[in-house]
Amino acid sequence: MIKSNHIKCLLFIICLINTGGSTVCADTSGNGYRLGHGYRLDQLGLVFGGYASIEYNTLKNRRSKLNFDDASLFVSWKINPWLQFFTELEFEDAVTVEGNSIDTDDSNFSVERLYLDFIVSEPAILRLGKFLTPVGYWNEIHAAPLVWTTSRPLVTEQPFAKHATGAMLYGTVPVADFDLDYVVFADDSDDLDPKKVDMVFKNAFGGRLRFFFSDYTSVGFSYINFRLDQSQDDGDFNLLGLDFNFRHNQFELTSELTYRFSDKTSEQKALYLQAVAPLGKGFFAVGRYEYFDDDRSRPDVHLGIAGLAYRPIPGLILKAEYRFGQRNEDIAPSGFLTSISVLF
Amino acid sequence: MRVIAVLLLCNSYPAWSEGSLAVIVSSSSRIQSLSKKHVARVYRRKTRINRYGKDWTPTNMPPDHWLRQQFSRYMFRQTPEDMQDFWNAQYFHGILPPRVVDSEEAMLRFVSGTPGSIGYVLSCHLDDRVKVVHTIRLNSNTGSIASQCSKR
């Protein structure tokens with residue numbers, strides 16, 4: 001068995017080298033490598049994959065920066081029909097070239113996700129571990145090869161922590177003539193997450209409902225009650241979210257808005273509306289408007305993004321966008337952002 | 001008049017049946033029938049075990065196969081190529097698309113021999129190894145379906 005696995009790993013590497021990862025290297029049993037679907041070992045229930053992204057940004061009043069932004073590895077293991085393990089290990093900002101200097105000071109390794117899924121029944125799956133916070137549309141598919149812009153909308157990263165650690169129950173149930181995805185979760189990052197980076201929940205609970213009104217259209221509602229892991233006591237936050245997604249014939253319209261309030265601090269309101277249209281031959285035009293209002297720290301921010309994305313093959317995307325706005329210097333400065341990302 | 005209508009319906013049945021795609025499970029499966037929505041949930045991997053606790057193994061023809069194109073358009077109102085973004089997002093969550101087999105005979109063999117598996121073949125290629133849980137009427141013209149029925 002060990003020898004056979006070594007041979008498979010060797011074949012995987014040879015396959016990647018020979019094809020540049022661009023073609024299918026799969027045998028008829030389903031084993032093998034496919035770009036965007038990882039390396040699959042069906043007999044063991046294992047899948048290895050990941051994504052990588054490189055960014056080059058020229059922003060107002062900042063030095064131009066080339067950044068090896070993300071290198072993520074996924075490991076998925078179907079232990080038995082009712083139990084599945086998944087982890088995403090990420091190496092962020094591995095190398096940054098700024099002006100004439102090359103540094104690795106900002107690099108960090110993190111366990112982005114680590115969980116076990118127990119399939120309890122047909123419409124109910126219990127997830128235990130560290131997972132992406134189920135709020136809105138973007139946060140759960142935020143990987144660079146899956147989104148249309150290099151920059152991330154403020155509404156998807158400012159109001160809440162991107163990860164939660166605890167338990168989640170989720171599934172899909174039929175309601176009348178459409179599907180309803182539901183999620184309820186409870187977080188106790190304070191006790192369960194040993195390495196806290198960025199904004200982290202102290203504890204939280206909440207849920208999300210996403211109605212699929214047709215094969216192309218969904219509307220989602222999210223709610224979280226949470227405390228943040230910060231030195232000052234901001235008290236309990238409540239966040240209400242609404243999101244919309246329409247996708248048909250390569251056209252896409254997506255919007256998310258959140259309203260955050262607490263018993264001790266002021267309100268925060270944020271939204272984005274993004275449209276994508278195909279231009280042919282793998283090119284897409286992308287436009288986005290963002291609004292961000294945090295009473296506590298700054299006046300209202302308005303952002304506009306006009307961009308172009310090129311997808312020569314599924315899983316590979318090249319993006320270029322210009323960001324502009326009002327009162328956005330501190331939080332999302334104007335300028336050009338470009339990136340190349342691959343789901344491997 | 002009613003008798004004529006009934007006779008016409010009876011006469012049209014074999015043509016309808018030949019011009020249809022049968023969603024199949026193993027003949028030993030306890031599943032009797034599935035709605036379109038249910039089949040779609042299984043193929044999108046949103047439902048991962050069936051009501052009897054067996055894990056679903058949905059099985060597809062290759063993306064460019066005409067049966068796959070028909071199945072995808074009927075089930076999701078999208079072509080397999082249009083579904084690529086959906087599967088990329090699912091892959092990000094550790095969920096893989098359905099297994100692919102190369103021919104209808106391979107589909108029949110795999111579905112009949114794998115508990116929990118589900119697939120589809122032309123109705124004219126059905127045999128007693130499998131049973132039909134959902135039927136899809138095809139849009140292709142009768143001539144092309146007849147020519148497909150003559151091969152497997």
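Two residues are said to be in contact when heavy atoms of each lie within 4.5 Å of one another, and with that meaning in mind we can look at how the two chains of this predicted model meet. Counted in this way, 30 residues of chain B are in contact with 50 residues of chain A.

The size of an interface is often given as the accessible area lost when the parts come together. Here chain B and chain A bury about 3400 Å² between them, and 47% of that area is on carbon and sulfur atoms. On the side of chain B, the residues that lose the most area to chain A are B:Arg48, B:Tyr91 and B:Phe92, which together account for 24% of what that side buries.

Charged and polar groups also meet across this boundary, where the rule finds 9 salt bridges. One of them joins the side chains of A:Asp179 and B:Arg41, with a distance of 2.8 Å from N to O. Between the two chains, 22 residue pairs are in polar contact.

Which elements of chain B give two or more residues to the side that touches chain A? They are the helices α2 (36-43), α3 (66-76) and α4 (84-92), together with the strand β3 (99-100). The largest share, 7 residues, comes from α4(B), and by class the whole side of chain B that touches chain A has 10 nonpolar, 9 polar and 11 charged residues.

The helix α4(B) is itself mostly covered, since 8 of its 9 residues are buried, among them B:Trp87, B:Tyr91 and B:Phe92. Just after this helix, B:Gly94 takes a positive phi of about 80°.

Technical notes:
Residues numbered from 1 in each chain as written. Chains lettered and ligands numbered in written order. Predicted model: local features only at pLDDT ≥ 70, side-chain atom pairs only at ≥ 80, totals over all residues. Heavy atoms only, no water. Buried area = accessible area lost by both parts, 1.4 Å probe. Salt bridge = Lys/Arg side-chain N within 4 Å of Asp/Glu carboxyl O. Polar contact = N/O pair within 3.5 Å; in protein donor to acceptor, adjacent residues only side chain to side chain. Helix = DSSP H or I, 4+ residues; strand = E, 2+ residues; numbered from the N terminus. Nonpolar A, V, L, I, M, F, W, Y, C, P; charged D, E, K, R; others polar. Buried < 20%, exposed > 50% of the residue type's maximum accessible area, 1.4 Å probe, protein only.
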